[in-house]
Structures are given as structure tokens and as C-alpha cells.
Amino acid sequence: QVQLVESGGGSVQAGGSLTLSCAASGIKPSFMGWFRQAPGKEREGITSISGDGEVIMSYYADSVKGRFTISRDNAKNTLLLQMNSLKFEDTAMYYCAASLYSASTFLAAPLSAGSFNYWGQGTQVTVSS
């Protein structure tokens, strides 16, 4: 059974930091990512990472570039998201996602929800201004 379980969400003041974790079980995906969805808005792909070997590539949406860092611990089958300089507009439910699609499918749209086929339940991040 495939499970993605996020943790680490919470409330923080603007300018603060949080680290989200996603523990994967029943799956060892080559491609993983983080999405978020704010109330009344569409789900947004914010970052993803490819490769579970020597070549690792990461992708970032402009909205988080320079502030968020994605990484993975393959030994623990865990995905991390370090979020710094948080802004009020970062408030959203954050979802971990995993992909078993081919490399060509993933790399064609690494921040698209359609490139992922497994999802966690989400963890809430609230940033107060």
C-alpha cells in the first residue's frame, strides 16, 4: 500500500521558517514534489526533484525560488521542504506528491499535477503577517 505522510506544518510569523517532511512507504519513486493549495485557489506545483541516484535535479516555481529548498533522504525514503522567509501568501495546505511516470513524462512538466500519481493528505501552513 502506497502512503505519503506529510508533517511539519504549523503557524509561523512572516519572515520565519518551517521544514516539511514527507515519509513515503510502499513506493520508492524517482520523482517527488510539493504542491500547495490556498482557499479559493487552484493547486500549485511549487517544487519537485528528480533522480534517486547520482544525478539530482530540482525545479522551483518563481513564487518560491530562492526561499524554499527541496531535498530527499533516499535512505529514509523521505522528502523534505525547507521554507525560509515565509510570506503571508505562502499560507496554504501543502501536499507531497510522488510520480512513477516515465522520465520523459515527468521532465515535460515537472511542476504539473498531471506528472504525479500519488498524493499525501496535506499539512497546513499558516503565515501571519
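Two residues are in contact here when they have heavy atoms within 4.5 Å of each other. With that in hand, the predicted model can be read around two arginines, R36 and R72, and around the pocket that R36 helps to line.

Start with R36, which sits in strand 4, a stretch covering residues 31–37. Leaving aside its neighbours within four places in sequence, R36 touches quite a list of residues: E42, R43, E44, I46, S63, V64, F68, E89, D90, A92, M93 and Y94. Its relative accessibility is 7%, and because buried means under 20%, R36 counts as buried. Two of its partners also meet the side chain of R36 through polar contacts. One is D90, whose side chain makes a polar contact of 2.8 Å with that of R36. The other is Y94, where the side chains are joined by a polar contact of 3.0 Å.

R36 also turns up in the wall of the largest pocket, along with Q37, A38, P39, K41, E42, E44, F88, E89, T91 and A92. This pocket has a volume of about 170 Å³. As for the chemistry of its lining, the residues split into 5 charged, 4 nonpolar and 2 polar. Some names come back from the contacts of R36: E42, E44, E89 and A92 are in contact with R36, and they line the largest pocket too.

Now for the other arginine. R72 belongs to strand 7, which runs over residues 68–73. Is R72 buried or exposed? With a relative accessibility of 15%, R72 falls under the 20% cut-off, so R72 counts as buried.

What does the side chain of R72 reach? Part of the picture involves backbone atoms. A polar atom of this side chain lies 2.6 Å from the backbone oxygen of P29, and the backbone oxygen of S30 lies 2.9 Å from a polar atom of the side chain of R72. There is a side-chain partner as well: N74, whose side chain makes a polar contact of 2.8 Å with the side chain of R72. Finally, R72 can be placed relative to a residue from elsewhere in the chain. C22 is 50 residues away from R72 along the chain, and the C-alpha atoms of the two are separated by 9.2 Å.

Conventions. Residues numbered from 1 in each chain as written. Predicted model: local features only at pLDDT ≥ 70, side-chain atom pairs only at ≥ 80, totals over all residues. Heavy atoms only, no water. 1 Å grid on protein atoms, 1.4 Å probe; cavity = no way out; pocket = protein on both sides within 12 Å on 5 of 7 lines; lining within 4 Å. Points joined across faces, edges and corners; volume = space filled by probe spheres on them. Nonpolar A, V, L, I, M, F, W, Y, C, P; charged D, E, K, R; others polar. Helix = DSSP H or I, 4+ residues; strand = E, 2+ residues; numbered from the N terminus. Buried < 20%, exposed > 50% of the residue type's maximum accessible area, 1.4 Å probe, protein only. Polar contact = N/O pair within 3.5 Å; in protein donor to acceptor, adjacent residues only side chain to side chain.
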